[in-house]
Each structure stands twice: as structure tokens, then as C-alpha cells.
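Please open the structure in your viewer and keep the selection tool at hand. The tour below goes from one stop to the next.

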2 protein chains.
Amino acid sequence: MKIYHYPDANILERLCRRPQIGRETLLVTVRGIMEEVRQEGDAALIRLTERYDRAVIDTVLYPEAEIAAAAAFVPEMLKKDIRRAADNIRRFHAAQEGGETNIETEPGVRCWREARPIEKVGLYIPGGSAPLFSSVLMLAIPAFLAGCEEIVLCSPPRRDGTLDPLILWTAAECGVRRICRIGGAQAVAAMAYGTGSVPAVFKIFGPGNQYLTAAKQLASMEGVAIDMPAGPSEVLIIADQSADPAFLAADLLSQAEHGPDSQVLLLSNDKDLSEKVLEQVRIQSAGLPRADIVKESLGYAAIVILKDIEACMDFSNRYAPEHLILQTREAKKLSRSVRNAGSVFIGPYTPESAGDYASGTNHTLPTSGFARSYGGVCLDSFRKWITFQNITESGLAGIGPSVERMAEAEGLQAHKNAVTLRLKHSARKK
Amino acid sequence: MKIYHYPDANILERLCRRPQIGRETLLVTVRGIMEEVRQEGDAALIRLTERYDRAVIDTVLYPEAEIAAAAAFVPEMLKKDIRRAADNIRRFHAAQEGGETNIETEPGVRCWREARPIEKVGLYIPGGSAPLFSSVLMLAIPAFLAGCEEIVLCSPPRRDGTLDPLILWTAAECGVRRICRIGGAQAVAAMAYGTGSVPAVFKIFGPGNQYLTAAKQLASMEGVAIDMPAGPSEVLIIADQSADPAFLAADLLSQAEHGPDSQVLLLSNDKDLSEKVLEQVRIQSAGLPRADIVKESLGYAAIVILKDIEACMDFSNRYAPEHLILQTREAKKLSRSVRNAGSVFIGPYTPESAGDYASGTNHTLPTSGFARSYGGVCLDSFRKWITFQNITESGLAGIGPSVERMAEAEGLQAHKNAVTLRLKHSARKK
């Protein structure tokens, strides 16, 4: 880890930057993959899965009997844990109901809005070294709560063409029936265009590597909505003298193990903290199974000492971290100054892991500074608000003349006429 | 207008399609413009404004004195109308406050969310034949309500380098101070990258032509959020025998005058309606100043007769119109079946014009079928929700073991350790 004591503005500016990816060549590759799927459907999916996942699959859609069989491979205790997490996630997202906003803006002019589910959604669960069943919870639970009718889940198969039983069981437990064993840009293309096995959806969710993100962005240019662009995972910790260096090190390491490109920052006003934390990082990283990943990502990680906690929060708001951990004496109070962050963890007994799995908040969060403009996945990510209005005859008599004059001033005579005609019609009746 | 009586599924499918734009060449042009702005800033803006808007401007930023002077050119009655519309829009959007969702998901595990403004936003107001001051209201009012700190407005200048006084006065009335006389892809680039005069923003709002939309989409691939992709404006009307053909014709025409590519559809279960509406369209379109535009867009417009109102609503939900007008006997009841639409106008005295200008709902709405996944601009378009959590020591003792087992099952040992370490620390204290 790099240590910066009271760095100048240039260094702070540099620390705010995220790794850039050579995107142009990436886009060409991804566009090619997507075009194959558009033209050839399932046949392309099976071919691309062999090419990129080195797995031979005969069907894209996972057979129902095999999904049901997965239950036998999940320990009962873990099932209880997952159900407990699911309950908390369901509770927190269900509490986001409401917001209908029904008001009379003027006498006889009633305006309101109603939420409607996005009818067809696609959930992407990355593959790789670990079966990320927690992401299934984070996407499927709000999708069902919102009332989405068609929910399709895609995840890349292992070499033997199967998905991990933990993914299968969790998906089935959440109610997902349509599980497809495909990954990467080809999965995004399948959900964007539709194939024989995969229905076309209106919005695609879920994290992934740079290929997946590029595919989602290309899909979004062609009319399919996406949750948000995803980059490498990030944590920023603000700590003062009251923080336990062992806790801080544990939180830094848990972020660092995500991937070699994980972004890990610790900010403090306590110049003696860095040595203590480094010492703890050394001790705790010893036995980690993902030590290589941790080592690589910690190579880019930094401990930054600034003059006070306010300066730390200023930097954090500029950086806009995906995860923000506050381990300061008055963490709750400090949290009010947060302007840009995905999810905030307050106090010594609130590790990020709790929110990653089980506390109830969503772990699908904006990275790469997108927390400046995006929130994480929530109930509203799976629905949209439609506005409605109903104006009475006398209501239009009130507001109509203003509409007529405004339409005329914009040079839109037919807009004016639509009101004029009605007002005249009312007058004639009297 | 084309008339379809009981068309088959193929024709309905075709009617659902929106015009496609030759995008590849468009993207190359737009990328070139944006790159000029990125590299040369204000100098490129001034050059591009001369090239595309044929206007010579010496400053990008509109001088404050000239903004103030605009008030003299706006009739007092129109000022009152605009203020009335602003009040209604403010009322409807302010009613969208709330949604904090503060709950304890388990004992000692508190999760909540708080909205924060997007700090810097850019509002784009198209130029062209009419001064669209109503769009200023629709974007600036929720931006201020949300608490955005930096609000920059861009609009292309007229040939003489000025903006219409109606745009200037409305913007100033809403509180916008930073007004830039630039348009098109160069305006989007300026707001995305920042120049000497234009601050870089985190989210860009506002409608525009295909160049503007392409620029917004390119910006969104580079890390700037956008409200939504914008296509040609649309209306779909569902009417039965109870509807007044004159009202229907007026509403069709008010959509048709937007632009030659406006999408205009009337659906009905009453086969005698089409002739009556066509007759009214002929009568009413006679005196319209934008008759050429109307004629061209009505060339693509259609009246579609289906077997019943349910079939009309089914089509509408597949089409997902920007504006949906319901002029049926039980329009309010019918509105409950709306699944996909931007904004819905219920009953004979609720013309779309009312919502376009003054009733209170927003007129920045999803087009091109995006209403399947997007809602229109609302208060939340200018803020994001941040989740927070605080777990007590005993709360972690409760939920911690579940988190440990889930993290271990995903192969993320450091995630587990972040909990284990804390639980051990608690145990030692006792």
C-alpha cells in the first residue's frame, strides 16, 4: 500500500482517477459477439460458450429437474442463512413502496403518478472463481417485489456445462424459473435481442467484467435499459484515532480480495494510523486463499493522511466511492456530510460484508465515480413511474387560457387549438 | 393518415416499430465534434457554433446584463401564465419528496436511505423554430427542488447570436444563472468534458434531435449520466364512441405539429370514427402555421380500428407511447390497465397541451418504446438515493455468523474475517 502524508492537490486529483480501459478494441470485439447472437440466436450462444467458457452445453435453458436437484447440494445451515438474508433484503426493499403523489395542482386539475413494473428483466450473475449467489438475492428479490413478469437469469457455466448448485438453489428459492447457462457479451446480446431460448427483455441488470459492461452499454444504445455501467469494486474508509486498526485492515482486505483491480483507500487525520494498519494487513493477509489477488490490488491501494476529518470527507465526496466506511468517533453525525457514495457503513461493528450479504441493503452499487449521479439498485430500478392527469371541464376553463397563451408564444398553434376548441365547446353548452 | 380496420398481427407488429436512424455515420460525425470540444474547449465551441448554427458569438456564457434585459420583451400576461405553470410544476414535483425507508431489518441492524442532489447538472433546451421555454420549466424546477448546486443551461443561439428572451427570462425566473448559447453535440461535449466557460456536469438532461441524442449516448459511455435517450415525439389516443371527433382531431394535430417525424396513432373500437376524425383533421389543419410539418407527419399517422377497447390497450402497452390519451366512457377505470406509457391524459377535457405546459406533470418523457423501462423526468431524476447502515455490537453478534457462512460459501475469506475478527473482539471484552 502507498502512504501519503498531507498530499498536495495534484496527488489528490490523481487519487480520484479510476483505471481506464482501452475501450475501442474492446467495443469492436463485443459488437462482433453481439452481432453473432443477433443473427444466429441459440446456435451462436452454444458456439460462443464453447469458445469463451470452454464449456459444451446442449441446451441454453437450464433443465428444471436439474435446478430442483441442486437443493441436495446446499447445506441446510447455509439455506437458513440465505433465507435470513433474503428476508432482510425483502424487508428493506419492500419498505421502498409508496410515492404515488396524488394532488390537485389547481381546482379541477388532478395529477398523480403510479409505479408499474418493468415487464421483462434480465439478471446477470458473473461466473469466475466464486459462485456469487448473493447477487442473485440482490437482483431477484426486488424484481419480484416490483412485480416484473418475465425474469430471466444468465450466468456463465463451469467447464462441465453446469452452474454452481448455490446459484441454482438461490435462484429457485427466489422464484426464478428461467435460468440460462450463458455469460459475457453473448448473454447480454441474448437478453437484448432475444433468441429461441432467451426472451428479449426491457432492462438488463448485474455486474461483470469490462466485456460485460461494454455489451450492456452497447445494448443501451440500441434501446434496452441497463441498471448502470459497472467498474471494479471500491471501498473508501474514513477513520480517526478511535478506530481499531485490526478492523480497518480487515475491511481493506475484504475489498482487496474482490479482484486485482479493486480500489482500496483509507483516509485518516491520524498520522500514526498508517503503520498500525499496515502491520495488521501483514498479519491478516497471511492466511488468505486469494492472497495473489489481494497482493496485486493492495499494490494500488493507498493510505492518505489529511489534516482533519472534514478534509477526508471532502475527498470522499469528490471520489464518490461505491462503499464508504466511517469509523470515526462521531460517525453517525459525519454521515450527514456524505454527498456522493453508493452505500455507507457507519461505526466499528458495521463491516461492509454485512451489507454485501445479509443486512438488507442492496450490494449492486455505482462504481467508477458514478455514485455522483447514480444510486444503487433499489425497488424503483425494476419499475417506472407513469404520470396521470385528469382535468374537469371547469378545471380546463381555469387553466386553459394560460395554456393557450403559452402554446401560442412557442409558436405551436395546434397545441393552442386543442384547448380553444374545448373551451368553445363548453361555452356553447351553457 | 392511413386507416386500418381490424389489421392482422403482422401489421400491428409493424405499427409498433419506430423510425430507425442510420446511426453509424451519425456517431462518427458526433464523435468528431465532441473530440474538438474536448481538445480545444471554448475556441471549438465558438467555431462549431459558427459552422452549425451560423451564428458568430464572442462569449459562450450569456452576459448577465443581457439576461436581465430580456424581461422587458416578455408580455406581463405571459409572465403570469409562466409563473402559474411553474407553481403547478413545483407543487407536483415537491410532492415527490420522501421515501427515506428507515427500518431495523433485524434487532441491532438498522438500514435506511437518504436522497442527495446530483451536484452538477446540465439542462439542454433545443433551438429551432420555436423558443421552448416550457422545457426550461420542466428541467430547471425539479433541479432546484432537488438541491442541485451547479445548474448550467445550454441552448443554440439564433443567427444573430442571441437567445430568445422567453428562454432567458424563464431561465432567470427559475433561478438559472449560467446560460450558455451553444447547441447540438458541441453543447453536450462542453457539459460532459467542461471548457473554460462551461463546467463539466455529472448528468445531462433535455431533448434534441438525433445528433444531440447520439452525443448524449456517447457521453453516457464516458461516465456522464443522461436523463434518457430521446426520439421523435409520440401520441397514442384510445377512443370509443363517446369521444368527440373534433377533440380527437385537435389532439392528433397538436402532436403532428411537433415535427415531420412525430408519431401519431388513434386506436378505436368504433369503425365509424375514422371518417369523422379525418373530416375534422381536414377542417382544423386548414389554418395551421406549421401546415407543412403537419402534412408530412400525418402521412405516417394511422387510425387503427380494433375489435374492442381491451385490444386497443393491449396494443398501446406493446407500443409504449410517450403520451397516451384516453377518451373513452370509462377512461379512469381503463387507466388502471396502462402498463407502459410516459404520461396519461384521462377524459375529454384533458388535452395533452395541458400537461405540455401547465398542469404540473413533466413533459420530458420516454419515447421510442423506452416507456417500457423508463419513466419521465421527475424529482428523483435530479437526485440519487444513498443507502446507510449501522449495526450495533449485539446486532453483529446476531447476524454475523450468517454473513460468515455466506462469505465462506462464496470463497471470500477476507469478507468472512471482517466479521470473525469483530465477533472475537466482542467475546474477549466479556
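A residue is called buried here if its relative accessible area is under 20%. The model is a predicted one.

**Stop 1: a stacked pair of Phe rings.** Select Phe205(A), which has a relative accessible area of 0% and is therefore buried. Add Phe382(A), also with a relative accessible area of 0%, so Phe382(A) is buried as well. The ring centres of Phe205(A) and Phe382(A) are 4.0 Å apart and the planes meet at 15°, so this pair is stacked. Phe205(A) belongs to strand 7 (residues 203-205) of chain A, while Phe382(A) is in the loop between helix 15 (352-357) and strand 14 of chain A; the two are 177 residues apart.

**Stop 2: Trp112(A) and its neighbours.** Over all chains there are 10 aromatic pairs. One of them joins Trp112(A) and Phe388(A), stacked with 5.6 Å from centre to centre and 10° between the planes. Trp112(A) is in strand 3 (residues 109-117) of chain A and Phe388(A) in strand 14 (residues 383-391) of chain A, so the pair ties together parts 276 residues apart in sequence. Trp112(A) and Phe388(A) are both buried. Now select Lys332(B): its charged end sits over the ring of Trp112(A), 5.2 Å from the ring centre. On the other chain, the charged end of Lys332(A) sits over the ring of Trp112(B), 5.2 Å from its centre.

**Stop 3: the two chains.** Show chains A and B together. How large a turn lays chain A on chain B? The turn is 180°, with a shift of 0.0 Å along the axis and an RMSD of 0.0 Å. This is the relation of a two-fold axis. The same surface serves both copies, as 100% of the contact residues of chain A recur in chain B. To find the axis, select Gly99(A), whose C-alpha comes closest to it among the residues of chain A, at 3.5 Å.

**Stop 4: strand 9 of chain A.** Select residues 234-239 of chain A, which form strand 9; six of its six residues are buried. In a regular strand, side chains alternate between the two faces of the sheet. Here Glu234(A), Leu236(A) and Ile238(A) are on one side and Val235(A), Ile237(A) and Ala239(A) on the other, and all are buried.

Next, add the strands that pair with strand 9:

- Strand 10 (residues 263-268) of chain A pairs with strand 9 of chain A in the parallel sense over six bridges. Gln263(A) in strand 10 is the bridge partner of Glu234(A).
- Strand 12 (residues 323-327) of chain A pairs with strand 9 of chain A in the parallel sense over five bridges. Ile325(A) in strand 12 is the bridge partner of Ile237(A).

Finally, add helix 10 (residues 245-256) of chain A, which makes a right-handed β-α-β unit with strands 9 and 10 of chain A.

Conventions. Residues numbered from 1 in each chain as written. Chains lettered and ligands numbered in written order. Predicted model: local features only at pLDDT ≥ 70, side-chain atom pairs only at ≥ 80, totals over all residues. Heavy atoms only, no water. Buried < 20%, exposed > 50% of the residue type's maximum accessible area, 1.4 Å probe, protein only. Helix = DSSP H or I, 4+ residues; strand = E, 2+ residues; numbered from the N terminus. Pairing = 2+ DSSP bridges. Right-handed = clockwise from strand over helix to strand, strands pointing away. Least-squares fit on C-alpha atoms with pLDDT ≥ 70 in both. Contact = heavy atoms within 4.5 Å. Phe/Tyr/Trp six-rings, centres within 6.5 Å; stacked < 30°, edge-to-face > 60°. Lys NZ or Arg CZ within 6 Å of the ring centre and 35° of its normal.
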